[in-house]
Amino acid sequence: MKNFTRLSLPLILFLFSTFSFGQVVTKTVDDGTPGTLRVEIANAGANGTVTFDSSIQGQSINITNGDIDISAFVGLTIDGNNGGSSTTLVGSSANRIFDISTLIAGAISINNIEFANSTSVIGGAVLVSGA
């Protein structure tokens with residue numbers, strides 16, 4: 001039994017670190033606290049999925065603290081389907097919403113998202129840098 005415990009603990013830790021259980025956006029603000037889009041993307045990890053809680057259905061997500069960088073993932077899915085409707089991401093008139101690294105751009109899926117009020121000298125709501 002002692003050997004089984006020694007073998008099973010590393011296996012369990014490996015499985016928890018390998019698989020993402022999904023991140024859920026629960027806030028419409030961009031203040032850097034858990035539940036915000038910026039934090040949930042940062043916490044998604046490799047092959048992660050970010051979804052939106054039904055408690056914010058029909059509300060816009062305001063991106064007010066600059067671009068959200070997406071550059072450290074093997075794969076990422078952002079699914080804005082919230083109760084059958086799309087999620088709207090609203091940028092400030094001074095910045096874009098996403099800045100995606102070209103090293104991983106092919107592994108990113110953004111579904112059911114509408115972009116609004118986002119401007120930049122280079123790129124609009126989404127910039128794929130280095131492209």
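Here are a few friendly notes on the fold, the core and one surface patch of this predicted model.

1. Overall make-up. The protein has 2 helices and 10 strands. Along the sequence they come in the order α-β-α-β-β-β-β-β-β-β-β-β. Of contacts between residues at least 6 apart in sequence, 78% link residues at least 24 apart, so you may want to keep the whole chain in view as you read on.

2. Surface and interior. Of the 131 residues, 34% are buried. The accessible surface amounts to about 7,300 Å², and carbon and sulfur atoms account for 57% of that area.

3. The main core. The largest nonpolar core holds 20 residues, and Leu37, Ile41, Ile78 and Phe98 have the most contacts inside it. At least two core residues come from each of α2 (37–42), β2 (48–52), β3 (60–63), β4 (68–70), β5 (76–79) and β7 (98–101). As general background, nonpolar side chains tend to be buried together in soluble globular proteins.

4. Phe98 and its partners. Phe98 is a good residue to start from when looking at the core. Neighbours within four places in sequence aside, Phe98 touches Leu37, Ile41, Ile68, Ile70, Ile78, Leu89, Ile110, Phe115, Ala125, Val126 and Leu127. Two of the other residues with the most contacts inside the core, Leu37 and Ile41, lie in the range of α2 (37–42).

5. The two faces of β7. Which way do the side chains of β7 point? Phe98 and Ile100 point to one side, Asp99 and Ser101 to the other, and all of them are buried. In a regular strand, side chains alternate between the two faces of the sheet.

6. Strand partners of β7. On pairing, β7 is joined to β4 in the parallel sense through 3 bridges, and β7 also runs parallel to β10 (residues 126–129), with 4 bridges between them. Ile100 makes a handy landmark here: Ile70 stands opposite Ile100, and so does Val128 of β10.

7. A nonpolar patch outside. Phe115, Val126 and Val128 make up a nonpolar patch on the surface, with a combined accessible area of about 200 Å². Phe115 belongs to strand β9 (residues 113–116). Why does Phe115 count as partly exposed? Its relative accessibility is 34%, which falls between the 20% limit for buried and the 50% limit for exposed. Phe115 and Val126 are also among the contacts of Phe98, while Val128 is the residue of β10 opposite Ile100.

Key. Residues numbered from 1 in each chain as written. Predicted model: local features only at pLDDT ≥ 70, side-chain atom pairs only at ≥ 80, totals over all residues. Heavy atoms only, no water. Core = buried A, V, L, I, M, F, W, Y, C linked by side-chain atoms within 4.5 Å. Buried < 20%, exposed > 50% of the residue type's maximum accessible area, 1.4 Å probe, protein only. Contact = heavy atoms within 4.5 Å. Pairing = 2+ DSSP bridges. Patch = residues over 30% accessible without salt bridge, like charges linked within 9 Å, V, L, I, M, F, W, Y side chains within 5 Å. Areas by Shrake-Rupley, 256 points an atom, 1.4 Å probe, with all protein chains shown as cover. Salt bridge = Lys/Arg side-chain N within 4 Å of Asp/Glu carboxyl O.
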